[in-house]
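Welcome aboard, and please get your viewer ready. We will go from stop to stop, with something to select at each one.

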Amino acid sequence: MEYVSRVPGPPLDGLIDDLYYLEGAPPYSRLMLPAAPAPLLIVNLGAPFLIRAGTDVDAVEYADGCAVTTPTRAWEFGYPSPTRSVGVHFRPWGLAPFLPMPAAELCDRPATVEQIWGRPAIAELRHRLTLADAPHEMLMLLEEELVRRLRVIDGLDLVRQMSSAVAATGGTVPISDIGVAARASSTYVAKRFKAVVGVTPKRLARSYRFSSTVLALDVAAPIDWGDVAAGAGYFDQAHFVREFREFTGLTPTRYAEVRRRFLRDHPDHVLDGWPLPAD
């Protein structure tokens, strides 16, 4: 697959990790994406893809793309083959300034791009993207569209500062110990977090703690799951296993097997690192 990324300039650099272009044959028709503190926007330029999120039994088709706020559990993504899209990897607070609704309304319930920007707007954007000569030009067009749609969000600075502090500690420090939290009541902070991030500060911290722990694993070597759980600050291994299943849909042992399968079947693939084969 071809993958091209671009770090945006101001004012988007404080909201977005990168913009990306993706094209080609996916490694698997269905991928499981563990819950992570990373909202996502995809503008689809190919055949529709499928998403099964939250507690949904059936997958839902998305033709024009989707917006996903910080999830609380694993979700399944079904690629068409070939696939072609541009997208945005947001920081936890970064998607909210581009949404017409509170982020919590999309928690584990992805929206189509039409639902957030309207049919005429996404049709025009997709048309302009398909006329672009190269991926970098497409990403410039997407960046310009985002700048044009940027709006002011109440409490964004507070949420950004607290979220950044949570990220810096890997989610291991109690929210009450973060200095920024003293500036406002816990009720206000929780309300703004749900509106901007989609989840409470404690839930975001759980996501960071889990993601930091799992992404640091070397699945090619033997893993002592008891040591992993203790090192991440879990009270006991049973608690760690329950959270592992919630965030990945798999037991720790099964996760390691599936991750090794990805590494074995597709070494150095552009999608390796977080998605898991769901087939």
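Rings of Phe, Tyr and Trp (its six-membered ring) form a pair here if their centres lie within 6.5 Å, and planes over 60 degrees apart make a pair edge-to-face. Please bear in mind along the way that this is a predicted model.

**Stop 1: the aromatic rings**

With that cut-off, the count is 14 aromatic pairs. Start with Y234 and F240: the ring centres are 5.0 Å apart and the planes meet at 65 degrees, so this pair is edge-to-face. Y234 is buried, at a relative accessible area of 5%, and F240 is buried too, at 1%.

Now widen the selection to F210, W225, Y234, F240, F244, F247 and Y255, which ring pairs link into a cluster. Before you leave, add R209 to the view. Over which ring does the charged end of R209 sit? The ring is that of Y234, and the charged end is 3.9 Å from its centre.

**Stop 2: helix α6**

Both R209 and F210 are among the buried residues of α6, so select that whole helix next, residues 201-215. From first C-alpha to last, the 15 residues of α6 reach 21 Å, close to the 21 Å expected at 1.5 Å a residue.

How many of the 15 residues of α6 are buried? Eleven are, so the helix is largely enclosed by the rest of the structure. Besides R209 and F210, the buried residues include P201, R203, L204, Y208 and V214. To see what the buried residues pack against, show α4 (156-168), α5 (186-196), α7 (225-231), α8 (237-248) and α9 (252-265).

**Stop 3: T72 and D108**

R203 of α6 leads us on, as it is one of the residues that T72 touches. Select T72, in the loop between β7 (65-68) and β8. Its relative accessibility is 11%, so T72 counts as buried. Other residues touched by T72 include A35, C107, V199 and E246.

Look for D108 as well: a polar contact of 2.4 Å joins its side chain to that of T72. D108 is placed in the loop between β9 and β10 (111-112) and counts as buried at 16% relative accessibility. Check the backbone while you are here, since phi of D108 is near 60 degrees, a positive value in a residue other than glycine.

For a second example, jump to D268, with phi near 65 degrees. This residue is in the loop between α9 and β11 (276-277). Is D268 buried or exposed? At 77% relative accessibility, D268 counts as exposed.

**Stop 4: E76 in strand β8**

Next, select residues 75-78, which make up strand β8, and pick out E76. The relative accessible area of E76 is 8%, and the residue is buried. Which side chain does E76 meet in a polar contact of 2.9 Å? The partner is R30. If you leave out residues up to four places away in sequence, E76 touches R30, L31, M32, L50, I51, R52 and A278.

**Stop 5: two cis peptide bonds**

Follow the chain past β8 to P82, in the loop between β8 and β9. The peptide bond leading from S81 to P82 is cis, with omega near 0 degrees. Then turn to P11, in the loop between β1 (2-6) and β2 (16-24). There the bond from P10 to P11 is cis, with omega near 5 degrees.

**Stop 6: helix α2**

Select residues 119-131 to bring up α2. This helix has 13 residues and reaches 19 Å from its first C-alpha to its last, close to the 18 Å expected at 1.5 Å a residue. Colour A121, I122, L125 and L129, which are buried. Looking down the axis of α2, you will find the buried residues within an arc of 90 degrees, so they line one face of the helix. Their packing partners are β4 (40-44), β9 (83-90), α1 (113-117) and α3 (135-149). On the other side of α2, R119, P120, E124 and L131 are exposed.

**Last stop: E257**

Finish at E257 in helix α9, which is partly exposed, with a relative accessible area of 36%. Its side chain and that of R254 are joined by a polar contact of 3.1 Å. For a final distance, pick the C-alpha atoms of E257 and A220: they are 37 residues apart along the chain and separated by 9.5 Å.

How values were computed
Residues numbered from 1 in each chain as written. Predicted model: local features only at pLDDT ≥ 70, side-chain atom pairs only at ≥ 80, totals over all residues. Heavy atoms only, no water. Helix = DSSP H or I, 4+ residues; strand = E, 2+ residues; numbered from the N terminus. Expected span 1.5 Å × (residues − 1). Buried < 20%, exposed > 50% of the residue type's maximum accessible area, 1.4 Å probe, protein only. Arc of directions from axis to C-beta. Contact = heavy atoms within 4.5 Å. Phe/Tyr/Trp six-rings, centres within 6.5 Å; stacked < 30°, edge-to-face > 60°. Lys NZ or Arg CZ within 6 Å of the ring centre and 35° of its normal. Polar contact = N/O pair within 3.5 Å; in protein donor to acceptor, adjacent residues only side chain to side chain.
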